[in-house]
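Me: Please give me a close look at the ring pairs, then work outward from there to the ligand and the backbone oddities.

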Amino acid sequence: MSEPQIKPAATDGFHLVVKALLANRIDTIYGVAGIPITDLARLAQAEGIRYIGFRHEQSAGNAAAISGYLRQWPGVCLTVSAPGFLNGLVALANATTNGFPMIQISGSSDRAIIDLQQGDYEELDQLNAARPYAKAAFRVNRAEDVGVGVARAIRATLSGRPGGVYLDITAAALASTTDEATAQQSLIEVVDPAPARAPSAQSVERALTLLAGAQRPLVILGKGAAYSRAEGAIRGFIEQTGVPFLPMSMAKGILEDDHPLCAAAARSFVLAQADVVMLVGARLNWLLGHGRSPQWSAQAKFIQIDIEPTEFDSNRAIAAPIAGDIASSMQALLAGLPARPVHVPPAWIELVSSHRQHNEAHMADLLRANPVPMNFHCALAAVRDALAQRPDVYVVNEGANTLDVARNLIGMKAPRLRLDAGTWGVMGVGMGYSIGAAVTSGKPVVAIEGDSAFGFSGMEIETICRYRLPVVIVILNNGGIYRGDDINRGPGTDPGATTLMASARYDRMIEAFGGVGYHVERPEALKAALEAALAAGTPALINCVIDPHAGTESGHLKNLNPKSALTGAN
Ligand code: ADP
Ligand code: MG
């Protein structure tokens, strides 16, 4: 008689994905369940990964991306094949554009059928569709490759300039089995996926020499600086040298906006006047006028600290590039100061202060107006006042006028608390970012939304209520994209092209899901509602009635909106 054969214990692709994520401290997945990943979501939850189920993949992807930004660890989004994958792809592209570490994992259909285009359920060549929008894209075809696939995705998303990574896992790979021993050996725990990159001594000296010779120096802080968590060294450098700084919108709070060296209220002036500019984790893209005149002086010289060396000279010559991570680079600059001290001429500081005071007085005039119905300024001043006592609150912000005015009016006191439309100026990130921030931090979130911007992800208020997240949504409802008073220039009776429903009661939407709705028409009521909602710490939505005639078309981006003879020139 032969010995009885003992079959080795087997495991499958589903289990391996969950194990590989757990081995790499991924403790949350944001997704929408469906074929073929439903059981992956269930299994992840069963094994202790928090699964947050959304109503649309784009919001799930945005939540994952912002969680990656807040934690310096990949946010993971799970999508179904083809249409669900494509819905998530917008968020993946946005993560790549903004430099957020995020991994989109998607199930996909039968390769043999896809490649011959024989018409499968949800047929799409997802890997190739994702490639142009992702920092990297990989496909796992066999259960035993899951460990390598997840490890490669984590390294690709976190190393250097972070970005979105696509990981395709076929339905066949998820269902395929392998023996437990092979599976266990195939798992990889990534070691040091975002290695520090110290700058060269020469690049640091070159930058300090340039800065020491400056008459009107300026530091610009970008969200790369916020992401790198280098606020200690950045504050040390700015306070020791006395160079004024300008925060990009998501860099607000690295140093508090009311810091004496903050030049935010004198933005146009310092951009035009600065002779040496140090960019710290900020790109010279459209948000900075590409570094060109008339916004900038043609004589200005630039220092740029960036982890991505191909960024240098992308828009304008960079006289002193520092290739390195921001924490290491700022420390090296600080350490170099005794040998190459930087003294800022007092005249420059006085000029910056006087421009700041002048612009602050102008803002105070705007705020005194307080019209009925409310305009953006008086409503957002009420939001600012309610937030003044709550420096722990995350602020999510999107819209056109809502974004422009809130960015200027609402100061931040701590880093990484402001999350907004970012590099693309995209609308539709509001609820995804709010959910991602609330889940990641456990802290309250206030989403300050234009009525149009809110519409792109509004259904996620059900998600917010289902998970009982401490998210308060403030909708500045002027009944339109930009403004609410557009007309139909044709023969029909349809509403104008940018018109939305000014009478909409968005507050009643959240009541349908058990949240608290407020409808306010005056700043005092808005402030009281926001304070009450924050004190309750439960989901709430405040519908703020704003004058449909308030606001400017395209907000601050007038010059980007080409005009036909129909509506006249800008
Ligand atoms: P903002 O929109 O706030 O100006 P950007 O997204 O344009 O910011 O620029 C951020 C820059 O920061 C990118 O060029 C990115 O490569 C860089 N960056 C991101 N993380 C780091 C880091 N840890 N160290 C150095 N540079 C970084
Ligand atoms: Mg509007």
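Reply: Let's fix the rule for rings: Phe, Tyr and Trp (its six-membered ring) pair if their centres lie within 6.5 Å, with planes under 30 degrees apart called stacked, over 60 edge-to-face and the rest tilted. Bear in mind that this is a predicted model, where local features need pLDDT of at least 70 and side-chain atom pairs count only at pLDDT 80 or more, while totals for chains, interfaces and linings use all residues. Residues are numbered from 1 along each chain as its sequence is written, chains are lettered from A and ligands numbered from 1 in the order in which they are written, and side-chain values use heavy atoms, leaving out hydrogens and water.

The ring rule gives seven aromatic pairs. One of them is Y69 with Y227: the centres are 6.3 Å apart and the planes sit at 20 degrees, so the pair is stacked. Y69 belongs to helix α3 (residues 57-71) and Y227 to helix α11, so to speak a link between distant parts of the chain, 158 residues apart. Helices here are DSSP runs of H or I with at least four residues, strands are runs of E with at least two, and both are numbered from the N terminus. Y69 and Y227 are both buried, meaning under 20% relative accessible area (exposed is over 50%, partly exposed in between, with a 1.4 Å probe and protein chains only). Add F100, and ring pairs join Y69, F100 and Y227 into a cluster.

Helix α11 also takes us to the ligand. Spanning residues 223-227, α11 gives the most to the shell around ligand 1, with three residues. In total 18 residues surround ligand 1, and the closest are R161, K223, R283, D306 and I326; to count, a residue needs a heavy atom within 4 Å. By class, the shell splits into five nonpolar, seven polar and six charged residues.

Now the polar contacts, that is, N or O pairs within 3.5 Å. The side chain of R161 puts an N or O atom 2.7 Å from an oxygen of ligand 1, and for the side chain of R283 the distance to a ligand oxygen is 2.8 Å. I326 uses its backbone instead: an N or O atom there lies 3.0 Å from a nitrogen of ligand 1. Taken alone, ligand 1 exposes 580 Å², and the protein buries 94% of that (Shrake-Rupley areas, 1.4 Å probe).

On to the backbone. Two cis peptide bonds are worth a look: S293 to P294, with omega about 10 degrees, and V372 to P373, with omega about -10 degrees. P294 sits in the loop between β11 (276-280) and β12 (301-306), and P373 in the loop between α15 (346-368) and α16 (376-388).

Then there are positive phi values. D313, not a glycine, has a phi of about 65 degrees and lies in the loop between β12 and β13 (320-323). D313 is partly exposed, at 49% relative accessible area. R468 has a phi near 50 degrees, in the loop between α20 (461-466) and β17 (471-477), and is exposed at 67%.

Note on methods: Polar contact = N/O pair within 3.5 Å; in protein donor to acceptor, adjacent residues only side chain to side chain. Nonpolar A, V, L, I, M, F, W, Y, C, P; charged D, E, K, R; others polar.
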